[in-house]
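Reader: Please take one part of this model, the sheet and the helices packed around it, and describe it closely.
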Amino acid sequence: MTAAAPAYAAVHAASIADPERFWLDAAKAIEWETAPERAFDEGAGIYGRWFPDARLNACHNAVDRHVEGGRADQAAIIHDSPVTGTKRTISYRELRDEVATLAAVLSGFGVGRGDRVVIYMPMVPEALFGMLACARLGAIHSVVFGGFAANELAARIEDASPTVILAASCGVEPARTVAYKPLLDAAIARSSHKPEACLILQRPQALAGLMEGRDHDWAETVAAAKAEGRTADPIAMAATDPLYILYTSGTTGKPKGVVRDTGGYCVALTWSMTNLYGVRPGEVYFCASDIGWVVGHSYIVYAPLLHGCTTVLYEGKPVGTPDAGAFWRVVAEHGVGTLFTAPTALRAIKKDDPRAAKIADYDLSGFRALFLAGERADPDSVAWAETALGKPVIDHWWQTETGWAIAGNPIGIEKLPVKYGSTAMPMPGYDLHILDESGKPVPAGTMGTIALKLPLPPGCLPTLWGSDARFRSSYLATFAGYYDTSDAGIRDADGYVTVLGRTDDIINVAGHRLSTGGMEAVLAAHPDVAECAVIGIRDALKGEAPCGFVVLKSGVFKEPAEIERELVARVRDEIGPVAAFKLALTVERLPKTRSGKILRATMKAIADGQSYTTPPTIEDPAALDEIGESLKSRGLGA
Ligand code: COA
Ligand code: AMP
C-alpha cells in the first residue's frame, strides 16, 4: 500500500514485526542500572508494560551521565528571557549541582520515591531543576501550566495529592506580571489535600508573601543546603515506575492525569532525537513551547538533555518580545540547529512580518529544520516558512497521551517528500489504522477515526493517574484491541496520515488543548444561565477560538451584555486566561434534535461559514437561523 521510501519503511516494518528486537536495540542508548533483557511484558499492566525487568534513573541519564561523559562544561540550558531582559547559561556540571542540592531539599521536606510534587512555575531554569530533582529521587512531578487559574490548579492538587508544591512568585507576560502566589493560595484553600510545604521562588517582578510554617523561600533554602553541602544521588527506579503525571483536558471537564513511565519514555525520546529530528548530541535544540505542556516536557526538558544537547528555555513570545524576529534572533544567537514550535506561532510571525524581512536580519546558516505540532499546520503557513527559511518545515502529530510523535517525517532516517496538510508517516511502534464507526478499516483516502493497534509503543501512557477504569473507558472501549486517538483523519494511498480534527469536545486554541465541556460547566454555573453550548470557531491566528451561546433563565432583569461580560470574566477566573474565552452570545434557544441533543457541529459549521445540511431530526430549523443572526450581529459567520 505504501510508496514510502525504503529506509523509513524498513524501520517502521521492523518495529511492528519484531518490537522486542527493535526496542531492545533502541534501549542501548540509555544507561541502565539493570539493563532490560526483554522489551515488553504483554501480561503486565492494562495493555502490557515496556522494559518490565529494567532499572534506571531518568535524571542520571539526562544530567550526571553527561557530566561524567565529557559534557560537564557544555551548556545544558540557555535561559533566554526577553520578557525580563535576562539571559543565563547553565552548564551540565552546574545543572547536576543545582539538581542534586534541590533533590536534597525536597528529600528534607519528606519527598521520596513515588511521592508527588506539583510544579506551578513559569519558564525559568528552577522549574527544570525541580522536575529533574523529582526524577532524581524517584518522586513524580506534575507541572501545571501558568496560564491556568486557581480552580484548575486546585483540581490537579486534589488529584495528585502532592507532598510539596514548587512555585514561583509570578510569571511575566509581555503586558502584565501574573502573580502566581495568590492563585496558589486560593487553589490550596479549595483543595481538600494540603501539601506539607511550598517552596517559593521569589522573582523581583512581584514578590510573594510567605505563609509561616508552610512556605519556604527557594533561594534561602537552597543556599542553606549548599552551605551544609547537602546533595542527593539518583535513585534507581523500575522502568515502569511513573516519572510524571501531566494533566490534560478530558471530555467531561475533569482533567485526565496522563501517567508517563520512566524507561519507555527515555528510550522513545532518545530514539526520536536521532531519527525523527535528525539531531546529534552536543547540538542546540530550541523548542518554543512551555514546560506546562507535553511538548515542553518532552522537547524542552527530557529529550534534549537525555541526548546531551543544549536546550533553549525561551521566556517570551513569537511576536512582540520585541518583534516577529524573536525566534530567528534566538536561533542565530545560540546556534540553534532545530526549532520546534506550534503553527499558531508561525501564523503570528507571518502576520507581523509577511515578507519575512526579519529572517534576513539574522545568520541562520547553522539552522537545519523547523518542526511544527500541537494543531493542524495550515499549508499556507508551512509553504511561507519553507520559502522564507529555505529549510525543511516538518509537521508532526502527537498527543499528551503519547509523549512523542505518532506520525511525522523522520528526517534523521530520510526526509520523505512533504505533502502539505499531512503529518506524513507513523513513527515506529505505532500500528496506525483508520476505522469506521463499527471498527472496520476504511479504504485509503476515506475519513475515519485514527486508532492505534495495541500495544502502544514505549513512551505512551500506561494508564491515567488513579483511574485505570477511566483509561479503559476513554481510550480502549471504542474499538477492541485499539487505542482511540479521538482524532479523525485520512490515510492516502502512499500511507500519509492527515489529521482532520477531534471527534470529541476538545478544541485547540493557539496550540492549547481545552475542553468545551469544562467551559460549559463554568457558564452553566452562572445563576442567570438556563442552558449553554460552547463551540470552537475558526480563528485566523489561534486556529480555533471558543464561543459560548447561552440561554438566560426567564425573569432575568439584567442586560444580556452585562451577563455576557460576567461569563467571560468567570471563565478567565475559573479556567484561566489560556482559555482565551472572549465571546459569549445570548440567544433565545439552542438548536436541538427532537431528543434534546444540542447540534454543536451544525452551529460550528454556521460560525465557520461552511455549508451544512439541516439535520432531519431537528426540533425547529429556525433555531439555526437564530444562531446565524446572533453571530452576524458580532461580524461572525457567513
Ligand atoms: N502564564 C499566565 N498567563 C499566560 C501564560 C502563562 N504562562 N501563557 C499565556 N497566558 C495568557 C496570555 O497572557 C493571554 O492573556 P490575555 O488574555 O490577558 O492576553 C492568554 O493567556 C492567552 O494566551 P495565548 O493563547 O498564548 O495568546 P497570546 O495572545 O498571548 O499569544 C500567540 C498569541 C500566537 C503568540 C501565542 O498563542 C503563542 O505563542 N502560541 C504558541 C502556542 C504553543 O507554543 N503551544 C504549545 C503547544 S506545542
Ligand atoms: P495535546 O494533547 O495538547 O498535545 O493535544 C493533542 C491534540 O492536538 C491532538 O489530539 C490533535 O487534535 C491536535 N494536534 C496535535 N498535533 C497536531 C498536528 N500536527 N496536526 C493536527 N492536529 C494536531
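Author: F286 stands opposite V312 in β17. The model is predicted, so to speak, throughout: local features need pLDDT of at least 70 and side-chain atom pairs count only at pLDDT 80 or more, while totals for chains, interfaces and linings use all residues. Residues are numbered from 1 along each chain as its sequence is written, chains are lettered from A and ligands numbered from 1 in the order written, and side-chain values use heavy atoms, leaving out hydrogens and water.

Strand β16 (residues 284-287) pairs with β17 (residues 310-314) in the parallel sense over 3 bridges; strands are DSSP runs of E of at least two residues and helices runs of H or I of at least four, numbered from the N terminus, and pairing requires at least two DSSP bridges. Both strands belong to an open, mixed sheet of 7 strands, ordered β5-β4-β17-β16-β18-β19-β20. Its edges are β5 (86-91) and β20 (393-395), each paired on one side only.

Helix α10 (residues 294-306) packs on this sheet, touching β4 (75-81), β16, β17 and β18 (336-341), where contact means heavy atoms within 4.5 Å. The direction of α10 makes about 150° with that of β17; axes are lines fitted to C-alpha atoms, for helices over the stretch in contact, and angles run from 0 to 180 degrees between N-to-C directions.

Helix α5 (residues 125-137) in turn packs against α10 at about 60°, with the axes 12 Å apart. The two helices are therefore oblique, a class for angles outside the ranges under 35 degrees (roughly parallel), over 145 (roughly antiparallel) and 65 to 115 (roughly perpendicular). L128, M131, L132 and A135 of α5 meet H297, V301, Y302 and L305 of α10.
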